[in-house]
Structures are given as structure tokens and as C-alpha cells.
Amino acid sequence: AIKALIDKYIYLNEIGHGVIIANEEGKLEIDEILPSQRFDSLMAYLNKEKWIKKEIIPDTTYKFTGGKYGLINYKDEIIAPFAYDLMYSINDRIIIVKKDGKYGVLNPLGKELIKPQYDSIAKFYMNQIVVQLGNKWGLVDSLNNNIIPIVYDELKRFHYIDCIGVKISNKHLKDIDLWGVFDTLGKEIIPVMYNDIESKGNVFVVKKGTKYGLVNIINQVLIPIKYDKLDLYQNKGFAIVELAGRYSIVDLHNSEITPTKYEFILVFNDYAIAKLNGNYGIIDLLGNIKIPFQYDFINVYSEKIASVRLKDKWGLIDFEGKTVISLNYEGVGVFSNDLIPVKLNNKWGYIDKDEKVIIPFQFDGAMEFVDGLAAVNIGGNDEASLYGFVSDGLWGFINKKGEIIIPIIYEAVKSFKNGKV
């Protein structure tokens, strides 16, 4: 059960064991309180006349107003003196402390593992700690053994891989800052030789000068460092690269899937919109042409249908090049509930898959049907509308018969969801 110790302490344990970070002066005007993560899920503190329960938030600094910090156990025994200006836990084995402007580390038994000596300190991985001394950074363990020497100008942790990037700066020329990579055992796995480096799982996009390439975790080159731009799609096993304004798809062994000839490539699912000689088409990820390069613009409609524009007329085609909706319209929307909004003579209406007009062309804006209702607009600015959404004007909802269900009186609406809008 939660119990108070004595007035000068703050108590915080639900199950009666562990240590408590407490304030010697016992002030009751408290901003927040610092738990040890050895506790259970709840803590409490005495605030004037009542107990307040508060959930422990890991990796968060809690502090008192005024006083010094120390550690006490559940028996009200002092196990670390009230000598620290700041104290917070980063896991159940490490407590960061600050004294006379320097940072160090205690364990939950109050033992000083690292004497306060660093200018900054932060958790990195497990019991490893990033430390700053002067303007330099390094990595130590909880016993202050060096893992990465404290000689680097910046350290950064990568996502999805237990490595740390290190930087050596040039004070005068930022463009020649150099990055490398260490593992968590302190082994240099990628030399400090790249102007920038970003992890993508177990591979790294690297930059030398103005060129990009790809290396693996032992610095073997997977894609040569010669491209102006590189976007990695690791889960698909390829990258989109740009060289002198032309794009191509290459695999992770630097084999070209497509020639470097496209003016634009945008990947979606297992396909890509591409631009060649000023015209748009669609290719698959093996480079096969699915929709010929003959359109002024293409927008992905669904997994295997695209809306296309040719000479200011819009329609829908599938990825075999078969016409779904003829290119006779000034704008097309999205098929839903067997109807699609289309624009003709500057007005929007709805047709079915056979292009039979179901709801006449009378609206200035029209969206797809959701739960049997579609948002429509009267009085909106339709000049730039290609897909049915317009600015200004008023909105309401119609059913599939074209009957107004919700009056067209609203300045903005969203689609129905679970019967509500």
C-alpha cells in the first residue's frame, strides 16, 4: 500500500521496495517528482493535504523546486547523500546526477559509478551513455569505460540498427565535415570518410562531395557514389537514382533495372509513374511499360487504374491500356458505389461504369460516394478543379438518386464515416 514516510521526504512506492529520489528540504510545493523505474506502475507524492497518484513516465526528468537530491530506500534510509543539483533515471540500472555543473552516474543502490565530470550526458543503448567533454563527444559504459573516444564533434544514433554515427567537423568549411560509423562494441565499421551518412536498416546512403551512393555495414559499395540523388526502397530491393537530370531504377547490386533516361519516376505499390520525352506513362518495377508514354499527365487512381489527361481531356485507363472511362471529360473523380463524378461543360455530375449519366451535370464540385452519400458544391471556384474538390461555395450531401439529403449550406464538409459527418 502507498504510505508516507516522514514529512521531509516524498514517498513513492506501491509495493514497498525500491529506492526513492527525495528532496532534503521536503518542500510541499512541487513541480514534478522523479521516480526510479524500479517501482511499479504508480507513484504518489504528498501535495499539501492529499495524496496524488501519478504514472511513471520512462526516460523523463522530474525535479523539485529548490533543495538537493538524494536517494532513500523504503526503510527511510539514506543511500545516496543529498548532494546533487539534478537527478533522473534513464533505466532501472542508471541514475544520472548533476553536481557543480558536471554530470555523473549512480546505480539504484546509491553507488557512484561515474564521478560527476562531464558537461553533458545522455542515454544511448542499454548501459551505454553518450558523454560530452568540452566540445567533444564520445560513448562510455556505466562504469566509465571508453567505447568510442571522446574526440568527435557530433554523435547520432541510427534507427533500426545498433550503430552510432560520428562526425569530425571542419570549423571553416561545413561541406567537408566527415562522418563514419561505430558499432556498439566500439569497433569502427565505416571509416570517417563521408560528407553525410544515413542508415536505412543494415545499409547506408552515403554522400561524397555532391554525389550519393549506397554501402553496406562493412563499407562495401552496393551502388557507386556517382549519383546526384538516391532514394532507397530497401523492402523492394532497389533505389531510384538521378544522374544529370535523368532517373532510373537500379537494384542493390548496381544492376540497372531501367535505363537512365526518365525525366521523372514516382513509385507506388508495384508500379511507377514515369515521364519520358515530356509524356507520362506507367512502368512496373522490372521496367516493363504498362501504360504507353503518350499522356500529358497521369494520376494513380487505384491499384491498377489511372486517371490520364490528353489534350485537356480526362479519362480512366487500366494498366493494360484498356479504356475504363473515355477521355471526354474536363475532370474525373473517384469511382465509389458504382458511380464516378466527372466534369463536363464546367459542371460536375455522376456517371456509371457504362458512362450513363445518373446524376445530371449541375454542381461546381463533387466528391465520391461514401456510405451512399456524396458531398457536392454550389458556387465554388471550379477553375482549377480536376478531381471534384473546389474552394469557396457551399457544400451539402446527395444520395445516389441525386436527392439532397443534407442541405447545401455549409462552408466545409468531410466524408461520412460510420454514418456520421
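These legends go with close-up views of a predicted model.

Local features here need pLDDT of at least 70, side-chain atom pairs count only at pLDDT 80 or more, and totals for chains, interfaces and linings use all residues. Residues are numbered from 1 along each chain as its sequence is written, and side-chain values use heavy atoms, with hydrogens and water left out.

**View 1. The largest nonpolar core has 14 residues.** A nonpolar core is a set of buried Ala, Val, Leu, Ile, Met, Phe, Trp, Tyr and Cys residues joined through side-chain atoms within 4.5 Å. Buried means under 20% relative accessible area, exposed means over 50%, and partly exposed lies in between (1.4 Å probe, protein chains only). If you are looking for the members that touch the most others, they are Ile96, Val105, Ile114, Ile121 and Ile129. Two or more residues each come from strand 6 (86–91), strand 7 (94–99), strand 8 (102–106), strand 9 (112–118) and strand 11 (128–133). Strands are DSSP runs of E with at least two residues, helices are runs of H or I with at least four, and both are numbered from the N terminus. Another core, of 13 residues, lies apart from this one and includes Ile249, Tyr262, Val267 and Ala274. As background, nonpolar side chains tend to be buried together in soluble globular proteins.

**View 2. Here are the surroundings of Ile114.** Contact means heavy atoms within 4.5 Å. With neighbours within four places in sequence set aside, Ile114 is in contact with Gly104, Val105, Ile129, Val140, Asp141, Ser142, Leu143 and Asn144. Two of these contacts, Val105 and Ile129, also appear with Ile114 in the list of core members that touch the most others.

**View 3. An open sheet is built from four strands.** Their order is 33-34-35-36, and the pairing is antiparallel. Two strands pair if DSSP finds at least two bridges between them. Strand 33 (331–332) and strand 36 (357–363) each have a single partner strand, so each edge strand has one side without a neighbour in the sheet. Strand 33 is joined to strand 34 (residues 340–344) by two bridges; look for Gly331, whose bridge partner in strand 34 is Lys343.

**View 4. Lys136 and Asp153 form one salt bridge, and the structure holds twelve.** A salt bridge is a side-chain nitrogen of Lys or Arg within 4 Å of a carboxyl oxygen of Asp or Glu. The closest N and O atoms of Lys136 and Asp153 are 2.7 Å apart. Lys136 sits in strand 12 (residues 136–141) and Asp153 in the loop between strand 13 (146–152) and strand 14 (154–157), so the pair ties together parts 17 residues apart in sequence. Lys136 is partly exposed at 32% relative accessibility, and Asp153 is partly exposed at 24%.

**View 5. Asp196 meets Lys156 in a salt bridge.** The N to O distance is 3.9 Å. This pair links distant parts of the chain, with Asp196 in strand 18 (residues 196–200) and Lys156 in strand 14, 40 residues apart. Asp196 is partly exposed, at 30%, whereas Lys156 counts as buried at 18%.

**View 6. Lys167 and Asp177 belong to a salt-bridge network.** Their side chains meet at 3.8 Å, N to O. Lys167 lies in strand 15 (residues 163–168) and Asp177 in the loop between strand 15 and strand 16 (178–183), so parts ten residues apart in sequence are tied together. Both residues are buried. Shared partners join Glu154, Lys167 and Asp177 into one network.

**View 7. Ser248 makes a polar contact with Thr260.** Their side chains are joined at 3.2 Å. A polar contact is a pair of N or O atoms within 3.5 Å; within protein, one must be able to donate a hydrogen and the other to accept it, and residues adjacent in sequence count only if both atoms are side-chain atoms. Ser248 lies in strand 24 (residues 246–251) and is buried, at 0% relative accessibility.

**View 8. Phe158 and Phe204 form an edge-to-face aromatic pair.** Rings of Phe, Tyr and Trp (its six-membered ring) pair if their centres lie within 6.5 Å; planes under 30 degrees apart count as stacked, over 60 as edge-to-face and the rest as tilted. For Phe158 and Phe204 the values are 5.4 Å centre to centre and 70° between the planes. Phe158 is buried at 5% relative accessibility, and Phe204 is buried at 0%.
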